[in-house]
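Student: Could you show me the model, so that I can ask what the labels on it rest on?

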Amino acid sequence: MGENDAASLLPLDALSSIFVSVGAVDVLMGAGLVCHSWLEAAKLPDVWRAVDMENHKVVFERDAFVLCAMAKATVDRSYGQLRVFAGERFVNNALLKYILERSPSLATLRLVSCFQAFSPRLINVIRESPLLELRSLDLDDTYITVGELTAVLESCPLLEVLRVHNCFEIYNDDEHACPASEIRPD
């Protein structure tokens with residue numbers, strides 16, 4: 001009996017647990033294609049609840065179009081159960097809109113060096129459908145204005161953690177500054 005034959009004998013829930021440990025990007029890159037049972041396990045929404053597309057070699061090897069297609073595939077495979085998404089460099093406003101519209105359970109969002117993630121159109125989408133589950137927002141070296149950040153915060157009533165690092169545009173949009181009375185110390 002070969003390795004693939006032995007692996008195919010594992011129950012789907014065991015394979016699903018392995019895929020969760022391996023990570024969404026590696027499953028998309030082919031781990032789910034070994035045999036029929038692995039393909040079935042790769043279709044389970046549990047595998048796609050946390051998608052980390054940051055600091056993965058694929059993020060640096062593929063172009064933004066391919067990475068956006070991969071991210072959309074993970075969102076679709078989660079069947080609305082995506083809880084955590086992290087992306088680096090490739091996330092644009094169209095992809096972020098796609099994620100937000102199809103992920104009502106999104107609780108953690110981390111964006112690193114995503115210079116085209118926020119736009120007035122996306123902010124309108126966020127205002128129309130508040131991110132009621134979002135509890136953690138982490139923006140690092142990401143272009144966002146104070147007005148856009150304020151709109152996001154107003155749409156996230158359960159937000160517990162906000163980390164904003166090296167988002168220089170925040171400091172250049174004084175017209176939409178958050179009133180000091182809205183800032184609460186920990």
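Student: Why is Tyr79 called exposed?

Tutor: Tyr79 has 60% relative accessibility. Exposed means over 50%, buried under 20% and partly exposed in between (1.4 Å probe, protein chains only), so Tyr79 counts as exposed. Keep in mind that this is a predicted model, where local features need pLDDT of at least 70, side-chain atom pairs need 80 or more, and totals for chains, interfaces and linings use all residues. Numbering starts from 1 along each chain as its sequence is written, and side-chain values use heavy atoms, without hydrogens and water.

Student: Where does Tyr79 sit, and what is its phi?

Tutor: Tyr79 is in the loop between H6 and strand E2 (84-88); helices (H or I, at least four residues) and strands (E, at least two) are DSSP runs, numbered from the N terminus. Its phi is positive, about 50°, although Tyr79 is not a glycine. Most residues other than glycine have a negative phi.

Student: What about Arg89: which label does its accessible area give it?

Tutor: Arg89 has a relative accessible area of 43%, so it counts as partly exposed. Arg89 lies in the loop between E2 and H7, and its phi is also positive, near 75°.

Student: And what makes Leu159 a buried residue?

Tutor: Its relative accessibility is 19%, so Leu159 counts as buried. Leu159 belongs to the loop between helix H9 (146-154) and strand E5 (161-165). Setting aside neighbours within four places in sequence, Leu159 is in contact (heavy atoms within 4.5 Å) with Leu134, Arg135, Ser136, Leu137 and Leu153. From Leu159 to Leu134 is 25 residues in sequence, yet 5.8 Å in space, C-alpha to C-alpha. In the protein chain, buried residues make up 44% of the 186 residues.

Student: How many helices and strands does the protein chain have?

Tutor: Nine helices and five strands. Four α elements open the chain, ahead of the leading β, and a β closes it.

Student: How do you know that H6 is roughly parallel to H7?

Tutor: The axes of H6 (residues 64-78) and H7 (residues 93-102) come within 10 Å and cross at roughly 5°. Under 35 degrees counts as roughly parallel (over 145 roughly antiparallel, 65 to 115 roughly perpendicular, the rest oblique), so H6 is roughly parallel to H7. Cys68, Ala71, Lys72, Val75 and Asp76 in H6 meet Leu95, Tyr98, Ile99 and Arg102 in H7. This contact has six nonpolar, no polar and three charged residues.

Student: Why does H7 get that label with H8 too?

Tutor: H7 and H8 (residues 120-128) have axes that come within 9 Å and cross at roughly 10°, which means H7 is roughly parallel to H8. Asn93, Ala94, Leu96, Lys97, Leu100 and Glu101 in H7 meet Arg121, Leu122, Val125 and Ile126 in H8. The residues here are six nonpolar, one polar and three charged.

Student: How many cavities of 30 Å³ or more are there, and what lines the largest?

Tutor: There is one cavity of 30 Å³ or more; a cavity is a set of points on a 1 Å grid where a 1.4 Å probe fits but cannot get out, lined by residues with an atom within 4 Å of a point. The largest cavity has a volume of about 30 Å³. Its lining is Leu100, Leu109, Phe118, Ile126, Leu131, Leu137 and Val152, which divide into seven nonpolar, no polar and no charged. Nonpolar takes in Ala, Val, Leu, Ile, Met, Phe, Trp, Tyr, Cys and Pro; charged takes in Asp, Glu, Lys and Arg; the others are polar.

Methods:
Axes fitted to C-alpha atoms, helices over the stretch in contact; angles between N-to-C directions. 1 Å grid on protein atoms, 1.4 Å probe; cavity = no way out; pocket = protein on both sides within 12 Å on 5 of 7 lines; lining within 4 Å. Points joined across faces, edges and corners; volume = space filled by probe spheres on them.
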